[in-house]
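Open the structure in your viewer and keep the selection tool handy. Here is a short tour, one selection at a time.

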Amino acid sequence: MIETLLANLDTLLLYLFAACALVGAVLMLILPQPMRVALALISTMVFLGGVYGLLGVHFIAAFQVLVYVGAVMVFMVYAIMLLDVRDSAYKRTYSKLVMPGIAAGALFFAALAFGLWKALPDSAGSAATPAAGTFGLQQFAVAFLSEYWLHFELTSVLLVAAVVAALAVIKVSAASGAQSPLGTRAERKGGSDRG
């Protein structure tokens with residue numbers, strides 16, 4: 001049993017890292033505090049780097065950790081620090097769209113489970129299928145680097161666009177005169193001088 005476990009250790013670690021990345025992604029959606037969301041995103045990026053390392057694309061794994069965790073997340077944490085977390089808008093825990101989101105997520109995972117269940121070979125037909133038709137980690141890595149590398153790079157562009165959009169929203173809300181419940185620094189200072 002130990003020999004079987006050690007022989008399949010890379011597959012088990014792949015599933016573990018993928019599950020941890022999925023948990024981190026779910027935590028990004030449900031945590032209300034922006035800094036905790038950023039920490040969940042950092043953990044998701046680190047686990048994705050582990051997935052890429054296990055798939056044999058160590059170059060992308062290193063860039064995942066160095067560029068996304070090291071640079072992009074520092075930029076995002078800096079943007080979060082620019083937010084006024086004392087604002088009452090950040091005290092709300094969830095949007096009105098949580099329940100439709102949960103329903104859409106349940107439908108997505110049901111469709112994913114159904115697709116995986118249909119893709120499993122039958123017990124009678126599994127002996128007839130040739131071993132050359134299997135799709136392992138090496139084949140996935142080759143397909144990822146040859147066909148899906150553009151999707152990986154578009155993700156980085158979407159991350160930068162999301163940060164720019166968040167900064168634009170902050171700038172527009174500041175220009176429209178939206179203030180925090182505590183007022184501006186000058187108003188608080190002037191109020192303390194009067195009292």
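We'll start with the whole chain, then move to a few helices and one side chain.

**The whole chain.** Keep in mind that this is a predicted model. Colour by secondary structure and you'll get eight helices and zero strands, so to speak a run of α-α-α-α-α-α-α-α along the sequence. Of the 195 residues, 19% count as buried. Switch on a surface: the protein exposes about 14300 Å², and carbon and sulfur atoms supply 73% of that. As for contacts with a separation of 6 or more, 66% of them link residues 24 or more positions apart.

**Helix α3.** Now select residues 34-54, which are helix α3. Try a distance between its end C-alpha atoms: they are 30 Å apart, which agrees with the 30 Å that 21 residues should span at 1.5 Å a residue. Its buried residues include Pro34, Ala38, Leu41, Met45, Gly49 and Tyr52. Which helices do the buried residues of α3 pack against? Show α2 (9-30), α4, α6 (137-147) and α7 (149-175), and you have the set. Just after α3, click on Gly56, whose phi is positive, near 90°.

**α3 against α4.** Add residues 58-82, helix α4. The two helices α3 and α4 pack at an angle of about 175°, with their axes 8 Å apart. Angles over 145 degrees count as roughly antiparallel, and therefore so do α3 and α4. Show side chains where they meet: among them are Leu41, Met45 and Tyr52 in α3, and Ile60, Val65 and Tyr68 in α4. By class, this contact has 19 nonpolar, four polar and no charged residues.

**α4 against α7.** Keep α4 and bring α7 back. Here the angle is about 10° and the axes are 11 Å apart; under 35 degrees counts as roughly parallel, so that is how α4 and α7 run. The contact includes Tyr68, Phe75 and Met76 of α4, with Phe152, Leu159 and Val163 of α7 among their partners. Its residues divide into ten nonpolar, two polar and no charged.

**Gln64.** Last stop: select Gln64, in helix α4. Is Gln64 buried or exposed? Its relative accessible area is 2%, and because buried means under 20%, Gln64 is buried. Leaving aside neighbours within four places in sequence, Gln64 is in contact with Met45, Leu48, Gly49, Tyr52, Val69 and Phe152. Gln64 is listed in the contact of α4 with α3 and also in the contact of α4 with α7.

Notes. Residues are numbered from 1 along each chain as its sequence is written. This is a predicted model: local features need pLDDT of at least 70, side-chain atom pairs count only at pLDDT 80 or more; totals for chains, interfaces and linings use all residues. Side-chain values use heavy atoms; hydrogens and water are left out. Helices (H or I, at least four residues) and strands (E, at least two) are DSSP runs, numbered from the N terminus. Buried means under 20% relative accessible area, exposed over 50%, partly exposed in between (1.4 Å probe, protein chains only). Contact means heavy atoms within 4.5 Å. The expected span of a helix is 1.5 Å times one less than its number of residues. Axes are lines fitted to C-alpha atoms, for helices over the stretch in contact, and angles run from 0 to 180 degrees between N-to-C directions. Angles under 35 degrees count as roughly parallel, over 145 as roughly antiparallel, 65 to 115 as roughly perpendicular and the rest as oblique. Ala, Val, Leu, Ile, Met, Phe, Trp, Tyr, Cys and Pro count as nonpolar, Asp, Glu, Lys and Arg as charged, and the others, Gly among them, as polar. Accessible areas come from the Shrake-Rupley method with a 1.4 Å probe; for residues, only the protein chains shown count as cover.
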